[in-house]
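Okay, everyone, can you pull this one up on your screens? I'd like to walk you through one strand and what sits around it.

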Amino acid sequence: MTYDNDNIFAKILRDEIPCDKVYEDDYALAFNDISPQAPTHILVIPKGLYATQDDFNTQASPDEVAGLWRAVSKVADEAGVTAGGYRTITNTGPDGGQEVPHYHVHILGGKRIGRMIPG
Ligand code: AMP
């Protein structure tokens, strides 16, 4: 997928719009979701410009991949959801329900999340 430099997470990375940041390192930025679906709902995004999970998995360097996933665990731990458990979700493409075309991992926790796919 072609990367759209005007997507909202690209603007957050460029500090053009604010976010409720909870973590940042060389590889990842994490911030609270603007429309939380659970008591803890954090988005972790790579600093590299990848539109989808597949773009990230196939094009990112090993350091970028490791950096993103180590950040996910660090953010979950700092949010206090590691012991109780949490869910990571990545929506990919139209059928996956992806709205923002910059790869991101949702961390959802702080309550029993329920069925994997509601309904
Ligand atoms: P997805 O459907 O997986 O692309 O999820 C996009 C997520 O981004 C949704 O959960 C939105 O609530 C969230 N979102 C959109 N704009 C912002 C923003 N400016 N700050 C934080 N989260 C946002």
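So, strand S3 has both of its faces covered in this predicted model. On one side you've got Thr40, Ile42, Val44 and Pro46, all buried. Flip to the other side, and His41, Leu43 and Ile45 are buried too. That's residues 40-46, and seven of the seven count as buried.

Now, which strands pair with S3? One is S2, residues 28-32, which runs antiparallel to S3 and is joined to it by five bridges. If you want a spot to click on, Asn32 stands opposite Ile42. Then there's S5, residues 105-109, also antiparallel to S3, and again with five bridges. There, look for Leu43 in S3, whose bridge partner in S5 is His106.

Okay, on to the packing. The largest nonpolar core has 17 residues, and the ones touching the most other members are Val44, Leu68, Val75 and Ile107. S2, S3, S5 and helix H3, which is 62-79, each put in at least two residues. H3 gives the largest share, with five.

Let's zoom in on Ile107. Skipping its neighbours within four places in sequence, its contacts include Thr40, His41, Ile42 and Val44. Val72, Val75 and Ala76 are on that contact list as well, and so are Val81, Tyr86, Arg87 and Thr88.

And there's another core, apart from that one. This one has seven residues, among them Leu29, Phe31, Leu43 and Ile45. Remember, Leu43 and Ile45 are on the side of S3 with His41, while Val44, from the other side, is in the largest core.

Terms used: Residues numbered from 1 in each chain as written. Predicted model: local features only at pLDDT ≥ 70, side-chain atom pairs only at ≥ 80, totals over all residues. Heavy atoms only, no water. Buried < 20%, exposed > 50% of the residue type's maximum accessible area, 1.4 Å probe, protein only. Helix = DSSP H or I, 4+ residues; strand = E, 2+ residues; numbered from the N terminus. Pairing = 2+ DSSP bridges. Core = buried A, V, L, I, M, F, W, Y, C linked by side-chain atoms within 4.5 Å. Contact = heavy atoms within 4.5 Å.
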